[in-house]
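Visitor: I'd like to learn how to read strands and cores in a model like this one. Could you walk me through it?

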Amino acid sequence: MMLNRMSGERGDRSPVTGQSWRSLRTAAMRRLVPHGRRAQIRALYSRATWRLYVGNSVRCNCCGGNFGRFRDYISESGHHSRACPRCGALGRHRVDWLYLTDRTDVLQRPTNLLHIAPEVCLETPLRRMANIDYLSADYDSTLAMDQVDVRDIRYGDESFDGVICNHVLQLIDDDLTAMRELCRIVKPGGWALIQSSVNDELDDTLDRHVGDAVDEPPDRYEEVFHRIYGRADYGRRLEQAGFDVTVSDFARDLQPALARQLGLDLDETIYFCRKPKPAHTPDQ
């Protein structure tokens, strides 16, 4: 290992960009596949190769599989994460699922559930639950059961007991409208797990003027980030949309050995939303 680092460090990186060749190969592959089809291709790849990771060193709580190690995953922003070899769950997904299953009872009740921009690693266990009436929707994903624009959701008011909408709002030009739409379709007393990329070092959200960027990639191939959420501001925006918001960093308080075994992303802060029930008005 030391020999590789000493003799191969320069050869492992492009002399032009300074990026690792692996990162450049990953970026090139992404340019060949439209964004809406990537989740499907990742699922097929995992299905074909997960047996190469046999072992019992780590465990995925989303699919229940045990593996020798997690798969290395490089996001479009260059962030490295640990992916389940079988279901593709990243560390943040395993935190989300652990919160829903261990810190709430929302999945134990009869639930009419809408899953926006469905992740395979969450969709599969949800659809196996007899008490969950599951529907997925997205603007362009080939995995979704229905096509929906989250800024103008065509379902009726108070249609769902629960909603999962992860890492979508930073990609929407009008996120406040999307938040209000998500609140509108949730029944009073219902819940929503609405996760986004949040920068803990920021208090206020930084909005980008995407139309002014001269090097903006085509939407068909790349996600376009319209903003970087600040920690305090993201919760306030969800509250302005009508939700009561619980913010939890519970994963950081878990036993380190358990967090390592599950490959949890300890920076994943949970934003769990409830739609308030109407105030009770006594009969006159």
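Visitor: Let's start small. Which residue in β12 is the bridge partner of Asp207?

Guide: Keep in mind that this is a predicted model. To read a strand pairing, look for bridges between the two strands; here Asp207 has Arg227 as its bridge partner in β12. In total, 2 bridges join β11 to β12 (residues 227-230), and the two strands run antiparallel.

Visitor: What is the strand order in the sheet?

Guide: Go across the sheet and you get β10-β12-β11, an open sheet of 3 strands with mixed pairing. The edge strands, β10 (198-199) and β11 (206-207), each pair on one side only.

Visitor: Which helix packs on that sheet?

Guide: That's α7 (residues 231-240), which touches β10, β11 and β12. Its direction makes about 95° with that of β12.

Visitor: On to cores. Why look for nonpolar side chains in groups?

Guide: Because nonpolar side chains tend to be buried together in soluble globular proteins. In this model the largest nonpolar core has 33 residues, and Leu100, Leu107, Leu126 and Trp191 have the most contacts inside it.

Visitor: Which element gives the most to this core?

Guide: α4 does, with 5 residues. Other elements that each supply at least two residues include α5 (120-127), β6 (132-138) and β9 (186-195).

Visitor: And which residues does Leu126 touch?

Guide: Leaving out residues up to four places away in sequence, Leu126 touches Trp97, Leu107, Leu113, His115, Ile132, Tyr134 and Ile164. Apart from the largest core lies another one, of 30 residues, with Leu114, Ile153, Tyr155 and Cys183 among them.

Notes: Residues are numbered from 1 along each chain as its sequence is written. This is a predicted model: local features need pLDDT of at least 70, side-chain atom pairs count only at pLDDT 80 or more; totals for chains, interfaces and linings use all residues. Side-chain values use heavy atoms; hydrogens and water are left out. Two strands pair if DSSP finds at least two bridges between them. Helices (H or I, at least four residues) and strands (E, at least two) are DSSP runs, numbered from the N terminus. Contact means heavy atoms within 4.5 Å. Axes are lines fitted to C-alpha atoms, for helices over the stretch in contact, and angles run from 0 to 180 degrees between N-to-C directions. A nonpolar core is a set of buried Ala, Val, Leu, Ile, Met, Phe, Trp, Tyr and Cys residues joined through side-chain atoms within 4.5 Å. Buried means under 20% relative accessible area, exposed over 50%, partly exposed in between (1.4 Å probe, protein chains only).
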